[in-house]
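Open the model in a viewer, with a cartoon view and a selection box ready. The tour goes from sheets to helices to an enclosed space.

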Amino acid sequence: MNPTVYLDNAATTPLEPRVLDAMLPFLKGVRGNPSSLHGPGGAAREAIEEARERVARLTGASPEEVVFTSGGTEADNLALFGLARAAPEGKRHLVVSRIEHAAVREAARRLEREGFEVAWLGVDPDGVVDPAELEASLREDTAFASVMWANNEVGSVQPVEELARLCVGRGVPFHTDAVQAAGREELDVSEVSVSTLAISAHKFYGPQGAGALFVRDGVELDPLVYGGGQEGGLRSGTEDVAGIVGLGVAALLAKEEFSERVEKERALREGIISGLASVPGVHLNGHRNHRLSGNVHVSVDGAEAESLVLMLDARGIAIGKGAACSSSGHKASPALKAMGKNDDAAFSAIRISVGKDNTADDVDAFLAAFTRTVEQLRAMSPV
Ligand code: PLP
């Protein structure tokens, strides 16, 4: 059932065995409710607080600034709706980049339908936001700005430090979606003045369905979910203890093994990029240097992305088409459009994302299968 070579780590990463081992005791037998006063409840509470400290260490936050959520999507939604609803009266203007993941983009579109005015920030051809453009778009009535730390499709890393400084200097809260960046970029909220920051465990070898939102002390946020007042009232509901424990251990390992993982991914990524350079008609998208350690994103002349992904899958190689989270709809990705790519480039775009468990043999296997598959597709193509 497992593909031989898994190169879709930006969609989700394999669950790290050390993470699974830490989660299992919280999935078996008596597992206390962290709000209960007895021993099992106390053990669950203690495990959650330990995880909170670990997530705080990964991001440079204080533990009190970490709110656990059901993943990246919920963390982004909590930030956008939370900031919009808590904004002082009259602040009805939002600044959001055009390359955001659907978790931010669709939340912003919903706010637009509720009467907020959204300034959609463009990007350069490499998929990078221009700080001057962001600065020019800020207004007296701007409720918040949102620009992701690194893009999930083309992997471009944004100048978040500067963007956050510009916003916060003007009294405008700044949200960043760091779901792809966590574990691959140094996230230090003591250095970068973001107001809120979203992460998701399954992008760094933790469980799917667990994430967190960093909320800087003093930043006002309305909850999305009302109930028993867990997570400081920002996320009611009995906690997913096993998921949170898994997120905590994944965060701990991401911090401890950061350099080793990133260096390995970069080397594999460069191997793929240079291998692809010898196949004619393959174009790298995204910034050449300011890009996520594991990301390769290319448009392939004369090959349709969906066919490429399926034919490679049949050869035991799993890669992604465009963005994993929006791969069901046949629409050109808004991020690629914002970068000025035409439909041909968008519909022939694939993403190969390496992770800590990949090897040089995986790269060789991919390159060989890719070359063969592209030749076949081009031979069938009428163009
Ligand atoms: N934001 C980005 C940049 C992502 O890549 C993803 C998932 O692909 C998400 C948010 C959503 O996270 P989750 O899958 O945990 O809901």
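How many bridges join strand β3 to β4, and do these strands run parallel or antiparallel? Select residues 93–97 for β3: 5 bridges join it to β4, and the two run parallel. Strands here are DSSP runs (E, at least two residues), as are helices (H or I, at least four), numbered from the N terminus. Within this pair, Val 95 stands opposite Ala 119 in β4.

The model is predicted, so local features need pLDDT of at least 70 and side-chain atom pairs count only at pLDDT 80 or more, while totals for chains, interfaces and linings use all residues. Residues are numbered from 1 along each chain as its sequence is written, and side-chain values use heavy atoms, with hydrogens and water left out.

Next, show the whole sheet. Its 7 strands are ordered β2-β8-β7-β6-β5-β3-β4, in an open sheet with mixed pairing; two strands pair if DSSP finds at least two bridges between them. β2 (66–69) and β4 (117–121) stand at the edges with a single partner strand each, so one side of each has no neighbour in the sheet.

Add α2, residues 39–59. This helix packs on the sheet, touching β2, β7 (196–200) and β8 (211–215), where contact means heavy atoms within 4.5 Å. The direction of α2 makes about 115° with that of β2; angles run from 0 to 180 degrees between N-to-C directions, and axes are lines fitted to C-alpha atoms, for helices over the stretch in contact.

Keep α2 and add α7 (residues 241–256): the two pack at an angle of about 35°, with axes 8 Å apart. Residues making the contact include Ala 44, Ala 47 and Ile 48 of α2 and Ile 244, Val 245 and Leu 247 of α7.

Move to the second sheet, an open antiparallel one of 4 strands in the order β9-β10-β13-β12. Select β10 (residues 295–300) and β13 (residues 349–353), which are antiparallel and joined by 5 bridges. The bridge partner of His 297 is Arg 351 in β13. Helix α8 (residues 258–277) packs on this sheet, touching β9, β10 and β13, and its direction makes about 15° with that of β10.

Finally, select Asn 9, Gln 180, Arg 184, Asn 295 and Ser 353, which are among the residues lining the second largest cavity. A cavity is a set of points on a 1 Å grid over the protein atoms alone where a 1.4 Å probe fits but cannot get out; lining residues have an atom within 4 Å of a point. The volume of this one is about 50 Å³, taken as the space filled by probe spheres set on the points, which are joined across faces, edges and corners.

Technical notes
On a 1 Å grid over the protein atoms alone, a cavity is a set of points where a 1.4 Å probe fits but cannot get out, and a pocket is an open set with protein on both sides within 12 Å along at least five of seven lines; lining residues have an atom within 4 Å of a point.
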